[in-house]
Amino acid sequence: MHTTLTAVIDDLKDFENIFQCHRSFIVNVNNITSAKGNSNGYQLTLGTCPNSIPVSRSYVPRLKSFIA
């Protein structure tokens with residue numbers, strides 16, 4: 001399968017729990033277990049995944065609306 005992230009986001013636009021947090025990442029906000037960061041950006045932890053997902057500064061205000 002070959003597609004772009006923009007096309008995937010467009011296909012998932014009806015789902016309110018899908019959040020683009022970086023130009024290369026989208027996440028399901030129901031799977032966020034922690035969000036750590038400061039004015040330079042946040043890092044998300046999802047479920048039991050050992051890796052963290054970056055949140056660009058431009059997406060932080062929308063992230064705060066999900067986790068507030």
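In the predicted model, V55 touches C21, G41, Y42, L44, V60 and L63, leaving aside residues up to four places away in sequence. V55 also belongs to the largest nonpolar core, which has 11 residues. The other members include F19, C21, V27, V29 and I32, and the list continues with Y42, L44, I53, V60 and L63. Two or more residues of this core come from each of β1, β4 (41–46), β5 (52–55) and α2 (60–67). Of the residues that V55 touches, C21, Y42, L44, V60 and L63 are themselves listed in the core.

The strand pairing places Y42 between two partners. Strand β3 (residues 32–38) runs antiparallel to β4, and six bridges join the two. Within this pair, G37 stands opposite Y42 of β4. The connection from β3 to β4 is a hairpin through two residues. Strand β4 also pairs with β5, again in the antiparallel sense, over four bridges. Here the bridge partner of Y42 is V55 in β5, and V55 and Y42 are likewise in contact. The hairpin of β4 and β5 has five residues between the strands. In that hairpin, G47 takes a positive phi near 50 degrees.

Strand β1 (residues 18–22) includes H22. With a relative accessible area of 19%, H22 is buried; the cut-off for this class is under 20%. H22 therefore counts as buried because its value of 19% falls under that cut-off. Apart from residues up to four places away in sequence, H22 touches P54, S56 and Y59.

A search of the whole structure for disulfides finds zero. A disulfide is a covalent bond between the sulfur atoms of two cysteines. For C21, the closest cysteine sulfur is that of C49, at 12 Å, which is too far for a bond. The converse also holds: the closest cysteine sulfur to that of C49 lies in C21, at 12 Å. A disulfide would require the two sulfur atoms to be within 2.5 Å, so the distance of 12 Å excludes a bond between C21 and C49. The two cysteines also fall into separate accessibility classes: C21 is buried, with a relative accessible area of 0%, whereas C49 counts as partly exposed at 34% relative accessibility. C21 is a member of the largest nonpolar core and is one of the residues touched by V55.

Methods:
Residues numbered from 1 in each chain as written. Predicted model: local features only at pLDDT ≥ 70, side-chain atom pairs only at ≥ 80, totals over all residues. Heavy atoms only, no water. Buried < 20%, exposed > 50% of the residue type's maximum accessible area, 1.4 Å probe, protein only. Contact = heavy atoms within 4.5 Å. Core = buried A, V, L, I, M, F, W, Y, C linked by side-chain atoms within 4.5 Å. Pairing = 2+ DSSP bridges.
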